[in-house]
Amino acid sequence: MQKKGNSDFSPPAVGGISLLVVFAVLCLTVFALLSLSTVRADARLSEASAQAVADYYAADCQAQEILAQLRAGGHPEGVTVENGVTKYSCPISDTQTLEVEVRLGSSGSYAILRWQAAPAGEWEADFGLDLWDGVIF
């Protein structure tokens, strides 16, 4: 006669297939999180790029308006003339400006000599990096 009790109960064995399924689910979860972080980084980058383009074209529009005033005979603020070349700049961002140089001719003709995005500040070299000179102490 067999005894029916809890002593004969054994838990189901966790086989290799169950371990593979758990591992696959963990891998898919990690890949999903990596994909989510990549999408967020791409969204931030595209927003920054769109803002940079909008800022550039706003400065370009301002430079075109100044050029139109110059061609009409006006002298807007911030415009300088050196050796027949009219120079002015329009800010794009904190770090860039749109620099324009134009040679104005008679009867409203003009020649654009420079229409370029340039750094706003002066470049300063940093010589503070200590490099190994090859001498062993």
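1. Helix α1 has 56 residues, and from its first C-alpha to its last it reaches 81 Å, close to the 82 Å expected at 1.5 Å a residue. The reader should keep in mind that this is a predicted model. The helix covers residues 16-71, and just after α1 comes Gly 73, which takes a positive phi of about 100°.

2. The strands form an open sheet of four, in the order β1-β2-β3-β4, with antiparallel pairing. At the edges stand β1 (80-82) and β4 (110-119), each of which has a single partner strand, so one side of each is left without a neighbour in the sheet. From one strand to the next the twist averages 25°.

3. As for the pairing within the sheet, strand β2 (residues 85-91) and strand β3 (residues 96-104) are joined in the antiparallel sense over seven bridges, and Tyr 88 stands opposite Val 100 in β3. Between β3 and β4, which also run antiparallel, there are nine bridges, and Glu 99 has Gln 116 in β4 as its bridge partner. The hairpin of β3 and β4 has five residues between the strands, and in this hairpin Ser 107 takes a positive phi near 55°. As general background, strands of a sheet pair through backbone hydrogen bonds, either parallel or antiparallel.

4. Which strands does helix α1 touch where it packs on the sheet? The helix touches β2, β3 and β4, and its direction makes about 150° with that of β2. The buried residues of α1 are Ala 59, Asp 60, Ala 63, Ile 66, Leu 67 and Leu 70, and these buried residues pack against β2, β3 and β4. A reader following the helix in the structure may note that Asp 60 is listed among the buried residues of α1, whereas Asp 55, also found in helix α1, is partly exposed, because its relative accessible area is 25%. Asp 55 and Pro 91 are 36 residues apart in sequence, and their C-alpha atoms are 8.7 Å apart in space.

5. The largest nonpolar core has 12 residues, among them Ala 59, Ala 63, Ile 66, Leu 67 and Leu 70, together with others that include Val 79, Tyr 88, Cys 90 and Val 100. Two or more residues of this core come from each of α1, β2 and β3, and the largest share, five residues, comes from α1. One member of the core is Ile 66; leaving aside its neighbours within four places in sequence, Ile 66 is in contact with Pro 76, Val 79, Tyr 88 and Cys 90. In soluble globular proteins, nonpolar side chains tend to be buried together.

6. How many aromatic pairs does the structure hold? The structure holds one, and it is formed by Tyr 56 and Tyr 57, in an edge-to-face arrangement with 5.3 Å centre to centre and 80° between the planes. The two residues are best described separately where accessibility is concerned: Tyr 56 counts as partly exposed because its relative accessibility is 26%, while Tyr 57 counts as exposed because its relative accessibility is 52%.

How values were computed
Residues are numbered from 1 along each chain as its sequence is written. This is a predicted model: local features need pLDDT of at least 70, side-chain atom pairs count only at pLDDT 80 or more; totals for chains, interfaces and linings use all residues. Side-chain values use heavy atoms; hydrogens and water are left out. Two strands pair if DSSP finds at least two bridges between them. Axes are lines fitted to C-alpha atoms, for helices over the stretch in contact, and angles run from 0 to 180 degrees between N-to-C directions. Contact means heavy atoms within 4.5 Å. Rings of Phe, Tyr and Trp (its six-membered ring) pair if their centres lie within 6.5 Å; planes under 30 degrees apart count as stacked, over 60 as edge-to-face and the rest as tilted. Buried means under 20% relative accessible area, exposed over 50%, partly exposed in between (1.4 Å probe, protein chains only). A nonpolar core is a set of buried Ala, Val, Leu, Ile, Met, Phe, Trp, Tyr and Cys residues joined through side-chain atoms within 4.5 Å. The expected span of a helix is 1.5 Å times one less than its number of residues.
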